[in-house]
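Trainee: I've got a structure open and I'd like to learn how to read it feature by feature. Can you walk me through it?
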Amino acid sequence: MSDPVVIRGGTVAEASWCAPADVFVADGRVTALAEPGTPAPRGTAEIDAGGMLVLPGGVDPHCHVGFTSGDFTSLDDYAQCTTAAVFGGTTTIVDFAIPRPGQAPADAAHAQRAKAAGGLCDSALHACVVEWDETVPDQLRSLVADGMPTVKMFTTYRGETMADEDTILRTMSTLRDLGGMVVIHCEANHIIEDTQTRCSHDGRIGAEHMAATRPELAETASVAEVLAIAESLKAPVYFVHQSTPEAVELVAAARRRGLAAYTESVAHHLVLDDGLYAGAAPERFVCCPPLRPRPVVDGLARHLATGEITTIGSDHCCYDVAQKESRRSDVRAMPNGLPGVETRLPVIFSEFVAGGALPVSRFVELTAANPARTNGLYPRKGTLMPGADADIAIWDPSARWTITSGDLHMATDYTPYEGMTVTGRPRTVLVGGRVVVHDGVLADATPRGRHLAASPITPAPARR
């Protein structure tokens, strides 16, 4: 158990309010939020947060740890990924257990869950279904009972993780009755394959042409189809890494019709644009969906303020430059994904909170509270209300610094934000009431990570 601590002098930001308060912590939990200067029990250590924001530790709903896709495996394990996470102010990650060909979803989930103890912070897990057979309903019941109620599905990557419409429908229907939810990557594979074939014939299949090979239409077409399935079943659905305002608006319209439907966007789609594919190292920015044109990026970002984006994740995939360069001439064979678990919060805070587009409470809602809610982890995570785990980021809102790969802690040699100057970063990070990061130094490297058994899904509050 952690020693009693009080964090004094800061401004506490929750998803629905922001005010000066002292935060009292004991035995790994928040015990009280009190008026500034409230006396502390004898033996309570004090942390000075003067001039700082005191935030719930971030919850990253979209991380791939040691993820194998095609010929490539991302380079981090739980210790490395969670070390990077806490340096960036994130204190809970949600990973994916994506089965290899022939592996049962439950077996993949149990194998991945066993790795959680190597982390510096807690983690939860999305299971994954690729093909339907007579064993899947019992596997889904077991997974939900074991605290894994969210199940990832893909509408692309034929022959590897792509699920057909019947499998999506059956999985949604089964999970609906169990308190679970499908978490889905939507890109219409037939459109992508046809587009990539035509691009290849024209000699435009290298990394510099990535944006052309996976068009926006493929995303919106797939979102519309999956929404139709979900509405027919009255089943909840969560769309990962939506990259266009049109896709977000389709989900928002379904939500207004009464469907429990949620949009996740990710930091790189909200900040970076497809002009990077015209640069010297386009392979470093290959991700799916691809980066979009600047007007699309700006249109997507406007939905942060409208409330039509539910969560912000990282879609962290820790590949390095050598892996990216090895297949740069053909995006069909490249490893897709960008490292981002450490930079998610600083980049979003700088661009949208320091930039004046979002209040800090909305930042907390998007990056901590709603990710916890949509993954069955709230109010244990995503809040500093009494009883919550004492996962806390003491945030310097005025710190100005330049992102460089050499100063980060991810298990790779590059960052897509290289050279970007940002404002705001965590100064001190507590996990379970223990200080793990202070002033840029790892203060406690002890692995105490727990696999979190998620509760049945609680809908995030609707925004109109």
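Trainee: Let's start with Gly449: buried or exposed?

Mentor: Bear in mind that this is a predicted model. For burial you look at relative accessibility, and under 20% counts as buried. Gly449 comes out at 11%, so it's buried. You'll find Gly449 in the segment after β23 (441-442).

Trainee: And which residues is Gly449 in contact with, leaving aside its neighbours within four places in sequence?

Mentor: Ala116, Ala117, Gly119, Cys121 and Asp122. Now try Leu430: Gly449 sits 19 residues from Leu430 along the chain, and their C-alpha atoms are 13 Å apart.

Trainee: Next, strands. What should I know about how they pair?

Mentor: Strands of a sheet pair through backbone hydrogen bonds, and they run either parallel or antiparallel. For a parallel case, take strand β16 (residues 237-239) with β17: they share 3 bridges. Val237 has Ala261 as its bridge partner in β17.

Trainee: How many residues of strand β17 are buried?

Mentor: 6 of the 6 in residues 261-266, so β17 is largely enclosed by the rest of the structure. Check both faces: Ala261, Thr263 and Ser265 are on one side, Tyr262, Glu264 and Val266 are on the other, and all are buried.

Trainee: What about strand β14?

Mentor: Residues 150-154 make up β14, and 5 of the 5 are buried, so this strand too is largely enclosed by the rest of the structure. Thr150, Lys152 and Phe154 point one way, while Val151 and Met153 point the other way. Its parallel partner is strand β13 (residues 122-128), over 2 bridges, with Cys128 matched to Lys152.

Trainee: Lys152 again! Over the face of which ring does Lys152 lie?

Mentor: Phe96, at 4.3 Å from the ring centre. There's also Arg425, which lies over the face of Trp401 at 3.8 Å from the ring centre.

Trainee: How do I describe a whole sheet? What is the strand order in the open sheet of 4 strands?

Mentor: Name the strands in order, then find the edges. Here the order is β5-β4-β1-β6, and the pairing is mixed. β5 (29-34) and β6 (45-48) are the edge strands, each pairing on one side only. From one strand to the next, the twist averages 20 degrees. Inside that sheet, strand β1 (residues 5-8) and strand β4 (residues 22-26) are antiparallel over 3 bridges, and Val5 is bridged to Val25 in β4.

Trainee: And the open sheet of 7 strands: what is its order?

Mentor: β3-β2-β7-β20-β21-β22-β23, again with mixed pairing. Its edge strands are β3 (18-20) and β23. β20 pairs with strand β21 (residues 421-431) in the antiparallel sense over 8 bridges, and Arg400 stands opposite Thr423 in β21.

Trainee: Which strands does α12 touch as it packs on that sheet?

Mentor: β7 (53-56), β20 and β21, with the direction of α12 at about 125 degrees to that of β21. Helix α13 (residues 360-374) packs on the sheet as well, touching β2 (11-13), β3 and β7, and its direction makes about 25 degrees with that of β7.

Trainee: Now aromatic rings. How many aromatic pairs does the count come to?

Mentor: 4 aromatic pairs. Take Phe349 and Trp395: the ring centres are 5.3 Å apart and the planes are at 45 degrees, so the pair is tilted. This pair links distant parts of the chain, with Phe349 in helix α12 (residues 344-354) and Trp395 in strand β20 (residues 392-402), 46 residues apart. Both Phe349 and Trp395 are buried, and ring pairs join them with Phe363 in a cluster.

Trainee: Last one, a helix. How do I read α10?

Mentor: Start with the geometry. An α-helix has 3.6 residues a turn, so residues three or four places apart point the same way. Then check the length: at 1.5 Å a residue, the 13 residues of α10 (residues 294-306) should span 18 Å, and the end C-alpha atoms are 19 Å apart, which agrees.

Trainee: Which residues of α10 are buried?

Mentor: Val296, Val297, Gly299, Leu300, Ala301, His303 and Leu304. Just after α10, look at Gly307, which takes a positive phi of about 90 degrees.

Methods: Residues are numbered from 1 along each chain as its sequence is written. This is a predicted model: local features need pLDDT of at least 70, side-chain atom pairs count only at pLDDT 80 or more; totals for chains, interfaces and linings use all residues. Side-chain values use heavy atoms; hydrogens and water are left out. Rings of Phe, Tyr and Trp (its six-membered ring) pair if their centres lie within 6.5 Å; planes under 30 degrees apart count as stacked, over 60 as edge-to-face and the rest as tilted. Buried means under 20% relative accessible area, exposed over 50%, partly exposed in between (1.4 Å probe, protein chains only). A charge sits over a ring if NZ of Lys or CZ of Arg is within 6 Å of the ring centre and within 35 degrees of the ring normal. The expected span of a helix is 1.5 Å times one less than its number of residues. Two strands pair if DSSP finds at least two bridges between them. Axes are lines fitted to C-alpha atoms, for helices over the stretch in contact, and angles run from 0 to 180 degrees between N-to-C directions. Contact means heavy atoms within 4.5 Å.
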